[in-house]
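Colleague: I should be grateful for a close look at one part of this model, namely its second largest pocket. Which residues line the second largest pocket, and which elements do they come from?

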Amino acid sequence: SIPLAAQAELAEQLAVLFQARLSAMQIVQVIEKGSTLLTLRRMFQRIGHLMADGATFPEAFANAGAGLNPLFLSLIRIGQETGDPSVLMQSLATTLRRQQKITSQISSAMIYPIILVLGGLSILALMSLYLAPRLATIFSSVEKDVPAALSLFIAIGDLLRTWWIVVVASVLALLAAAPMLIRRYRKSLSALTHRLPIFGPVARNASLARLARSVQIMLASGMP
């Protein structure tokens, strides 16, 4: 999908171009030539081809505008009917900027837990591969039984030494497949995020804020 910052910038550009009373084809050509994002250039190139074949701007946008916020298409259609889409695009740009800010805040808040998890895994590996075998040697030298917790660390260390190739390959495969899995299970991940003890309320409030802003824009545009 197209980043929120790029979508907000696109909405701002559309607001300015609509306000300048350019034709739809001129707007498409300006954005196609001026966009620095390859995805957007290709998208508006496709929109231009569809319009050249006889499609209207909303029809071409609906066909080629995948990856953009659904409000783009709705507001463009309403703007074409009312004759003043620039105000709607500016409102959409403001909404996307706010959404980008909230998303950035949530991402920043997730950094600390991720660091804690990585730190915990590093300590686990250190204990299992280095400290536990040496502590076990000390217990054996004084003829004492190795504690159960220490035995568990030793077992984990043996597993890592024996299957380290499989572990590394699994981690790399998971990282490589993460973007596809996120896209495929986005709804399930969103529902799971909303149930988290600490970040759940933040995610729910962010979703409600986006919904309220979207409804506000649609009501202001005259959508029944």
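Modeller: The answer below begins with the chain as a whole, turns to the pocket, and ends with two single residues.

The model is a predicted one. Its mean pLDDT is 79, and 82% of the residues reach 70 or more. Confidence is not even along the chain: helix α3 (residues 38-52) has the highest mean, at 88, whereas helix α9 (residues 199-220) has the lowest, at 66.

The secondary structure consists of 9 helices and 0 strands, so that the pattern read along the sequence is α-α-α-α-α-α-α-α-α. Of the 224 residues, 26% count as buried. The chain exposes about 14,500 Å², and carbon and sulfur atoms supply 65% of that area. If one takes the contacts between residues at least 6 apart in sequence, 53% of them join residues at least 24 apart.

Now to the pocket itself. Rolling a probe the size of a water molecule over the atoms shows where empty space is left. The second largest pocket has a volume of about 310 Å³. The elements that each give two or more residues to its lining are α6 (85-141) and α7 (148-184). Helix α6 gives the most, with 6 residues. The full lining is made up of Leu118, Leu121, Ser122, Leu124, Ala125, Leu129, Leu160, Val167 and Val171. By character, 8 of these residues are nonpolar, 1 is polar and none is charged. Serine falls outside the nonpolar and charged groups, and therefore Ser122 is the polar member of the lining.

Two single residues show how burial is judged. Gln7 lies in helix α1 (residues 4-19). Its relative accessibility is 5%, and because this is under 20%, Gln7 counts as buried. When neighbours within four places in sequence are left aside, Gln7 is in contact with Ile2, Gly67, Leu68, Asn69, Phe72 and Leu96.

Arg21, by contrast, belongs to the loop between α1 and α2 (24-34). Its relative accessibility is 63%; since this is over 50%, Arg21 counts as exposed. The backbone of Arg21 also deserves attention, for its phi is near 60 degrees, a positive value in a residue other than glycine.

To return to the request, the lining of the second largest pocket draws two or more residues from each of α6 and α7, and the residues of that lining include no charged ones.

Notes:
Residues are numbered from 1 along each chain as its sequence is written. This is a predicted model: local features need pLDDT of at least 70, side-chain atom pairs count only at pLDDT 80 or more; totals for chains, interfaces and linings use all residues. Side-chain values use heavy atoms; hydrogens and water are left out. On a 1 Å grid over the protein atoms alone, a cavity is a set of points where a 1.4 Å probe fits but cannot get out, and a pocket is an open set with protein on both sides within 12 Å along at least five of seven lines; lining residues have an atom within 4 Å of a point. Grid points are joined across faces, edges and corners, and a volume is the space filled by probe spheres set on the points. Helices (H or I, at least four residues) and strands (E, at least two) are DSSP runs, numbered from the N terminus. Buried means under 20% relative accessible area, exposed over 50%, partly exposed in between (1.4 Å probe, protein chains only). Contact means heavy atoms within 4.5 Å. Accessible areas come from the Shrake-Rupley method with a 1.4 Å probe; for residues, only the protein chains shown count as cover. pLDDT is the predictor's confidence in each residue, from 0 to 100.
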